[in-house]
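Please look through the structure below, paying attention to how charged side chains pair and how nonpolar ones gather.

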Amino acid sequence: DEELGDVLFTAVNLVRHAGADPETLLRKANQKFERRFRQMELHLNAHGTPIEASTPDTMEAAWLAVKNAE
């Protein structure tokens, strides 16, 4: 856990040294993930497979379809 914490700390410092706000960037990344996840759910439903019945491979394919459509 300590080593992973060190990696996160280093990443935050790199972002700060690049002149960006780490919190803002993380918030934007979370928003992008949430948007893509919702689109993935819609994609799966449109193809007759609710997320609850999807396999990891099916979800990955839907995720890539959504990502590539952006």
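Glu23 and Arg27 form a salt bridge, with their closest N and O atoms 2.9 Å apart; a salt bridge here is a side-chain nitrogen of Lys or Arg within 4 Å of a carboxyl oxygen of Asp or Glu. The model is predicted, so local features need pLDDT of at least 70 and side-chain atom pairs count only at pLDDT 80 or more, while totals for chains, interfaces and linings use all residues. Residues are numbered from 1 along each chain as its sequence is written, and side-chain values use heavy atoms, leaving out hydrogens and water.

By this rule there are four salt bridges, and the table lists three, including the one already described.

| Pair | Closest N to O |
|---|---|
| Glu23 and Arg27 | 2.9 Å |
| Glu34 and Arg38 | 4.0 Å |
| Glu70 and Arg36 | 2.8 Å |

Glu70 lies in the segment after α3 and Arg36 in helix α2, so this pair ties together parts that are 34 residues apart in sequence; helices are DSSP runs of H or I with at least four residues, numbered from the N terminus. Glu23 and Arg27, by contrast, are four residues apart in helix α2, which means that about one helical turn separates them.

Turning to the nonpolar side chains, the largest nonpolar core consists of six residues, Met40, Leu44, Ile51, Ala62, Trp63 and Val66. Such a core is a set of buried Ala, Val, Leu, Ile, Met, Phe, Trp, Tyr and Cys residues joined through side-chain atoms within 4.5 Å, where buried means under 20% relative accessible area, exposed over 50%, and partly exposed in between (1.4 Å probe, protein chains only). The buried residues of α3 are Ala62, Trp63 and Val66.

Definitions and conventions:
Helices (H or I, at least four residues) and strands (E, at least two) are DSSP runs, numbered from the N terminus.
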